[in-house]
Amino acid sequence: MTIKLIILDFDGTLTEVEKEALPYLASYKKDLQKLLSLSTENFENSWNDSVTLIKSQPFLYGWKSDNKIVAPALADPYILCQTIANIIMDRFSLLYQEPLKRIEVLDMLYKDNYLKCNIVFRNQAEYFLETLCQNFHVCVVTNSRTDAVTHKLNIFLKKPLPITVFGNAKKFALVSDFVEIPESLNFSGFEGITLKAAYIGQ
């Protein structure tokens with residue numbers, strides 16, 4: 001089998017997510033406190049209590065889709081912030097009766113503060129990407145915004161590379177009516193490349 005296309009994740013795979021998210025965390029907390037109109041003491045206590053709660057039972061909390069956990073809270077700082085925000089909103093019954101509004105607010109907090117992240121790629125990431133691009137078609141599939149990830153790549157890379165970014169991928173989405181994986185798929189922009197399903201086990 002000839003490999004023609006390499007599909008990469010981005011946050012935490014190509015980047016040092018813990019280092020990148022330091023300004024994100026500070027700004028997210030500030031925006032959330034303002035949004036909820038809580039005193040600094042009340043907010044910090046609630047935030048710290050939430051962290052303790054999550055660490056005591058880490059697999060009971062996380063990023064939810066259709067009320068199911070699709071990523072654990074401690075997977076990365078972005079998911080942790082969202083999980084804590086949900087716990088605090090539940091604690092104070094804020095936006096509790098408006099789930100769609102809550103999703104909208106949390107999505108806004110994530111997108112606005114993601115732009116404030118540091119840019120910290122993993123060691124040898126540039127060489128890794130350059131080598132891949134010399135031999136394969138390369139694309140990045142990420143839940144983050146296309147423009148934000150493209151911006152990070154453009155700043156980090158010393159020379160432009162032919163990397164296609166597919167943002168807002170919704171990789172967390174659950175499919176209730178799933179039947180089977182198609183035997184093959186073709187995508188616009190990757191003419192001549194067919195993705196074939198690989199079945200593991202049964």
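The dialogue below works through several features of a predicted model.

Reader: How many helices and strands are there in the protein, and in what order do the elements run from the N terminus?

Author: The protein has seven helices and seven strands. Starting at the N terminus, the order of the elements is β-α-α-α-β-β-α-α-α-β-α-β-β-β.

Reader: What share of the residues counts as buried?

Author: Buried means under 20% relative accessible area. Of the 202 residues of the protein, 35% count as buried.

Reader: What part of the contacts in the protein joins residues 24 or more positions apart?

Author: Among contacts with a separation of 6 or more, 69% are between residues 24 or more positions apart.

Reader: How should one describe two packed helices?

Author: Two values serve for this purpose: the angle between the axes and the distance between them. In this model, helix 2, residues 22-36, packs against helix 3, residues 40-56, at an angle of about 125°, and their axes are 11 Å apart. Helix 2 is therefore oblique to helix 3. The crossing of these two helices is right-handed.

Reader: Which residues of helix 2 and helix 3 meet?

Author: From helix 2 come Leu25, Tyr28, Lys29, Leu32 and Gln33, and from helix 3 come Thr40, Phe43, Glu44 and Trp47. Sorted by class, this contact of helix 2 with helix 3 has five nonpolar, two polar and two charged residues.

Reader: Phenylalanine 43 is in helix 3. Is phenylalanine 43 buried or exposed?

Author: Its relative accessible area is 0%, so phenylalanine 43 is buried. Leaving aside neighbours within four places in sequence, phenylalanine 43 is in contact with Lys29, Leu32, Gln33, Leu38 and Ile88. Another way to place a residue is by C-alpha separation: phenylalanine 43 and lysine 30 are 13 residues apart along the chain, and their C-alpha atoms are separated by 9.6 Å.

Reader: What is there to note about phi of serine 37?

Author: Phi of serine 37 is near 55°, which is a positive value in a residue other than glycine. Serine 37 belongs to the loop between helix 2 and helix 3. With a relative accessible area of 65%, serine 37 is exposed. Glutamine 124 also deserves a look: its phi is near 70°, a positive value in a residue other than glycine. Glutamine 124 is found in the loop between helix 5, residues 99-114, and helix 6, residues 125-135.

Reader: At what angle do helix 4 and helix 5 pack?

Author: Helix 4, residues 77-91, and helix 5 pack at about 145°, with axes 11 Å apart. Their crossing is right-handed. Tyr78, Gln82, Ala85, Asn86, Met89 and Asp90 in helix 4 meet Arg102, Val105, Leu106, Tyr110 and Tyr114 in helix 5. The residues of this contact divide into seven nonpolar, two polar and two charged.

Reader: Where does aspartate 11 lie, and which residues does it touch?

Author: Aspartate 11 lies in the loop between strand 1, residues 5-8, and helix 1, residues 17-20. It is buried, with a relative accessible area of 15%. Residues up to four places away in sequence are not counted here; beyond them, aspartate 11 touches Glu20, Tyr78, Tyr110, Tyr114, Thr142, Ser144 and Lys152. Its side chain is joined to that of tyrosine 114 by a polar contact of 2.8 Å.

Reader: Which polar contacts join the side chain of lysine 152 to others?

Author: One polar contact, of 2.8 Å, joins the side chains of lysine 152 and glutamate 20. A further one, of 3.3 Å, joins the side chains of lysine 152 and tyrosine 114. Lysine 152 lies in helix 7, residues 146-156, and is buried, with a relative accessible area of 3%. Not counting residues up to four places away in sequence, lysine 152 touches Phe10, Asp11, Glu20, Tyr78, Tyr114, Cys117, Asn118, Ile119 and Phe121.

Reader: How many residues in sequence separate alanine 125 and threonine 13, and how far apart are they in space?

Author: They are 112 residues apart in sequence and 9.6 Å apart in space, C-alpha to C-alpha. Alanine 125 lies in helix 6 and is buried, with a relative accessible area of 5%. Among residues over four places away in sequence, alanine 125 touches Leu14 and Phe156.

Terms used: Residues are numbered from 1 along each chain as its sequence is written. This is a predicted model: local features need pLDDT of at least 70, side-chain atom pairs count only at pLDDT 80 or more; totals for chains, interfaces and linings use all residues. Side-chain values use heavy atoms; hydrogens and water are left out. Axes are lines fitted to C-alpha atoms, for helices over the stretch in contact, and angles run from 0 to 180 degrees between N-to-C directions. Helices (H or I, at least four residues) and strands (E, at least two) are DSSP runs, numbered from the N terminus. Angles under 35 degrees count as roughly parallel, over 145 as roughly antiparallel, 65 to 115 as roughly perpendicular and the rest as oblique. A crossing is left-handed if the near helix is turned anticlockwise from the far one by less than a right angle, and right-handed if clockwise. Contact means heavy atoms within 4.5 Å. Ala, Val, Leu, Ile, Met, Phe, Trp, Tyr, Cys and Pro count as nonpolar, Asp, Glu, Lys and Arg as charged, and the others, Gly among them, as polar. Buried means under 20% relative accessible area, exposed over 50%, partly exposed in between (1.4 Å probe, protein chains only). A polar contact is a pair of N or O atoms within 3.5 Å; within protein, one must be able to donate a hydrogen and the other to accept it, and residues adjacent in sequence count only if both atoms are side-chain atoms.
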